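Here is a friendly walk through a protein chain, written with a modeller's eye in mind. Please keep the structure open beside the text as you read.

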Amino acid sequence: MIRWYGPSLLLLLTVATVMLIGPGLARKVAWNHGEAKITQVRQDLVESPTLSTLSEAFSKVSEVVEPSVVHVQTLGPSARRGGGFFSRFDPLEPMGNGSGWVYAHTPSDESDPQNYILTNHHVVDGASRIRIRFADGGEYTAAVVGSDALTDVAVLSVPGGFLHPAAVRLEPVRKGEIVFAFGSPLRFDFSVSQGIVSASGRRLDISNSGKYEDFIQTDAAINPGNSGGPLTDIYGRVVGMNTAIASTRGRGPGNGGGFMGLGFAIPAEMVADVATRLIEDGSVRRGYLGVTIRGLTPDWAEAFGYDADTQGVLIEHPIGGGPADRAGLRPGDVVTAVAGEPVADVDALRFAVASYPPGETIDVTVRRGDTELDVDVALDELPGREATAGRRAVPGPRLPPGPSFRDDRLRALGIEAIADIMPRSAGSARVRPVTGVLVTDVRFGSVAATRRVLPQSLIVEADGQPVDDVAALLDRMNRRDADRPLRLTLLNWDPSLGEFVTRFALLDVGG
């Protein structure tokens, strides 16, 4: 039988051809489609007025700010200097690099503005010579007009008056605002980075130095060398001065670490205020209240009989002879306002008092139990670091104890033993007479130790009630509400002040 396979063979050849050629053809069709889409999107981007306007605006910010930005190089004595005749001819060596910006100060008599350079205190601290370089290549030797370590602000002057001062915005920034950080990071001079305001009101407690900190936090890249440079808004107005970074080597200026997504700047309002004081007075003189304080957390508020949401600052100790002590403020007073302005936390109180000059009398509003008082306080001058560092330690009086007593509830918290004070030690020629319960042994690292209950601490009150001896303390503990922490009022000797200092401690003693 003769059969015709022509159609079947043709079909097989067709299928084979599609299988061989089809994938390549399909890929080509897909590529052509993708290429067409890319070309169209690229064209849309090119023709987008929004993107073009945004990019142009960013470039203009850099264009308007850069003439105000300076590179700061500091020089100091050569590390190779030795003794002998030729040592005095050794040149100065580079110490470090930073940034700065031109600031126009209008004198109080409203005469013509004068131009200065602002940078960080830590950039120029200890420098023998300071060199300033502008983006156009101009170089000057700068002189320090004034510098303030507590806010990390320094003011420099340079010869000549043909400078371009930056515009300054004194209104607070808002979270989410676009900002630009200018400066010379890692010696890449006159750079700019862009980001947003991540937060404001940050306190870093750099080196536990007691500085006045109210930082703007930003994710705009800030690196070593940016310190002192301006942080600006989208209009090129300075909103802050770059100061610190958070890095793998810790937070703070000059820590040697790199950018980790968190940079910090001093708000322009603070910078301008400090700069004005340095220019007009040569230094920053701050009012001093003379108290040790702590924040009024909900636990502390309830311990003193207030509502948990009560805001204010708890006075632990008015320093003897200081402004607060002279005005009659007491341990346990809660400061709620200064000159009628509420103070919600420790930093707010510190800033409020420091904003007044020494000698000024301010109205301090305090809560004392159920009573609200307005107290006039004449401020002293905040002691400088040299004054506090130069204090000679005064050894405290030794308070010989009577027989030791141990209480299991106190021992569970680390207070191993307490005792009455021997009558002959109740006072001395150097300190006022004291009575109370003497702590004689505290376990290292215990809860009590972390609450500043120390050997030779004197317990003078329990839950606000005086305790003159061990029996009174134990009686008070037995009659109290076991579900609430015990509030102890302590006297600890402070060798730098030469007096007993009041401290409060909250301890969960139980029943």
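The report below goes from the whole chain to its enclosed and open spaces, then to one helix, one loop residue and the aromatic rings.

**The chain as a whole**

Keep in mind that this is a predicted model. The protein chain contains 11 helices and 27 strands. Of its 511 residues, 42% are buried. If you take the contacts with a separation of 6 or more, 60% of them join residues 24 or more positions apart.

**A cavity and a pocket**

How many cavities of 30 Å³ or more are there? The count comes to one. The volume of the largest cavity is about 50 Å³, and 10 residues line it. Thr151, Asp152, Lys211, Glu213 and Phe215 are the lining residues that lie nearest its centre.

Turning to open spaces, the second largest pocket has a volume of about 590 Å³. Its lining consists of 26 residues, and those closest to the centre are Asp214, Pro267, Glu269, Met270 and Phe351. Elements that give two or more residues to this lining are β8 (191-202), α4 and α7. Which element supplies the largest share of the lining of the second largest pocket? That is α4, with six residues.

The table sets out the residue classes of the two linings.

| Lining | Nonpolar | Polar | Charged |
|---|---|---|---|
| Largest cavity | five residues | two residues | three residues |
| Second largest pocket | 15 residues | four residues | seven residues |

**Helix α7**

Helix α7, which contributes to the lining of the second largest pocket, covers residues 346-354. Within this helix, Leu349, Arg350, Ala352, Val353 and Ala354 are buried. What covers them? The cover of the buried residues of α7 includes the helix α4 (268-281), along with β14 (287-288), β15 (291-295), β16 (313-318), β17 (334-338) and β19 (361-368). At the start of α7 there is a contact worth displaying: a side-chain oxygen of Asp345 comes within 3.3 Å of the backbone nitrogen of Asp347.

**A loop residue**

Thr297 sits in the loop between β15 and α5 (298-303). Its relative accessible area is 37%, so Thr297 is partly exposed, as this value falls between the 20% and 50% limits. Thr297 and Leu314 are 17 residues apart along the chain, and their C-alpha atoms are separated by 9.3 Å.

**Aromatic rings**

How many aromatic pairs does the structure hold? There are nine. One of them is made by Phe58 and Phe180: the ring centres are 5.1 Å apart and the planes stand at 80 degrees, so this pair is edge-to-face. The cut-off behind that label is an angle over 60 degrees. The two partners come from distant parts of the chain, 122 residues apart, with Phe58 in helix α2 (residues 49-65) and Phe180 in strand β7 (residues 178-183).

Is each partner buried or partly exposed? Phe58 has 25% relative accessibility and therefore counts as partly exposed, whereas Phe180, at 4%, counts as buried. The limit that matters here is 20%, because buried means under that value.

Finally, one aromatic cluster is formed by Trp300, Phe304 and Phe504. Trp300 falls within α5, the helix that follows the loop of Thr297.

Notes
Residues numbered from 1 in each chain as written. Predicted model: local features only at pLDDT ≥ 70, side-chain atom pairs only at ≥ 80, totals over all residues. Heavy atoms only, no water. 1 Å grid on protein atoms, 1.4 Å probe; cavity = no way out; pocket = protein on both sides within 12 Å on 5 of 7 lines; lining within 4 Å. Points joined across faces, edges and corners; volume = space filled by probe spheres on them. Nonpolar A, V, L, I, M, F, W, Y, C, P; charged D, E, K, R; others polar. Buried < 20%, exposed > 50% of the residue type's maximum accessible area, 1.4 Å probe, protein only. Helix = DSSP H or I, 4+ residues; strand = E, 2+ residues; numbered from the N terminus. Contact = heavy atoms within 4.5 Å. Polar contact = N/O pair within 3.5 Å; in protein donor to acceptor, adjacent residues only side chain to side chain. Phe/Tyr/Trp six-rings, centres within 6.5 Å; stacked < 30°, edge-to-face > 60°.
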